[in-house]
Amino acid sequence: VGMTTTDGIYVQNRLIASGDMSGPYSAKVVLRDPLVDCAVLETARGGILREGLGYNMADVGVVLNVQPDHLGLKGIHTIEDLAKVKSVVAEMVRKGGVTVLNADDEHCVNMARYCREKVVYFSLRPSNTVIRDHIESDHTAVVYDRGFITIVTGESITPVARAVDMPITLEGRALFNVQNALAAAAVGCALDLKIEQIRQGLVSFFPSPSQTPGRTNFFSVKDFEVMLDYAHNPPAYANIIDLVARLGHARRLFVFDVVGDRRDEDLTQICRLIASGCQHAIVYEDKSLRGRAPGELMDLVESAFIEAGFAAEAIEKIADETDAINRALSLAAKDNLVC
């Protein structure tokens, strides 16, 4: 397996190039490698706008969701604009191929009109009307049903794996990763993998620096925990806040920055979400301010927290990332979570 991601290019689990490798050039690197049998290509909005997909046709195309991120950049001002860009992935599936779409996202559902061939939907809700209509038409869907990842085709119902048995879901608490597991199972189904192969993939995938670097990585430090995550837009933060609320720690401390080239309203929404889910917050600034003046982002965050009703003394501004992290670690006590 060759894979391109925002972390790097991997060939059979070996990192061969690090950095944001989700563009068309990286796809070409993997596709030209004679050792690669299957290419898994993360395809970013920016790369599509700049140079296209990096391939002509796919056997399977997957669109996980369309969320309000990167708006106001490169002529993309609305979520409908962004959906149109992402629909290219759904459209460029070969004859006889399969497109996997999120039935819980209306923008993904609307992409079905661009699909040349078969569509497999996935959903957290078996009662979703899109799923029900799809199944009644004798098509395939993957749903989260009574705690199981389940493949449904017409009258055939095949449980694949329990969410609590999949480490990536943190015993079913990380619903966003339950959703990702549904998509992965749908891709396995589209590739005609055996049910046991799909199940084994789901139950052997761990949230760890080796398998999911920077995505819900947990570390034990003294008598408290630290979670590292890449969340950088409002929907991602909403998922993280939902997750940490389910974990049951006595106190939560957040250390974070915000991205300078995002709209002020998006950054304010992120602050409101964090303020609703923690007791102490420390904001720092990335070295790349992306057009902002030094200190501007930290001031914006502080104002947004105070407007959200957060106690002024419970938010700190520390420009350096390492200093900010060390400050949070020094404040953490037994049964706390530092995010």
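**Close-up 1. The hairpin of strand 9 and strand 10 in the predicted model.** Two residues lie between the strands of this hairpin, and G154 adopts a positive phi near 60° there. Strand 9, which covers residues 148-153, and strand 10, which covers residues 156-162, run antiparallel and are joined by six bridges. Across this pairing, T150 of the hairpin stands opposite P159, a residue of strand 10.

**Close-up 2. Aromatic rings around F305 and F310.** The structure contains two aromatic pairs. In the pair formed by F305 and F310, the ring centres are 4.9 Å apart and the planes meet at 80°, an angle over 60 degrees, so the arrangement counts as edge-to-face. Both of these residues, F305 and F310, are buried, and ring pairs link them with F256 into a cluster.

**Close-up 3. The second largest pocket and its lining.** This pocket holds about 170 Å³ of space, and its lining is made up of D59, V60, R94, G96, G97, V98, K118, T140, C189, A190, L191 and D192. At least two lining residues come from each of strand 5 (58-63), strand 6 (93-102) and helix 6 (175-190), with strand 6 giving the most, namely four residues. When the lining of the second largest pocket is divided by class, five residues are nonpolar, three are polar and four are charged.

Notes
Residues are numbered from 1 along each chain as its sequence is written. This is a predicted model: local features need pLDDT of at least 70, side-chain atom pairs count only at pLDDT 80 or more; totals for chains, interfaces and linings use all residues. Side-chain values use heavy atoms; hydrogens and water are left out. Rings of Phe, Tyr and Trp (its six-membered ring) pair if their centres lie within 6.5 Å; planes under 30 degrees apart count as stacked, over 60 as edge-to-face and the rest as tilted. Buried means under 20% relative accessible area, exposed over 50%, partly exposed in between (1.4 Å probe, protein chains only). On a 1 Å grid over the protein atoms alone, a cavity is a set of points where a 1.4 Å probe fits but cannot get out, and a pocket is an open set with protein on both sides within 12 Å along at least five of seven lines; lining residues have an atom within 4 Å of a point. Grid points are joined across faces, edges and corners, and a volume is the space filled by probe spheres set on the points. Ala, Val, Leu, Ile, Met, Phe, Trp, Tyr, Cys and Pro count as nonpolar, Asp, Glu, Lys and Arg as charged, and the others, Gly among them, as polar. Two strands pair if DSSP finds at least two bridges between them.
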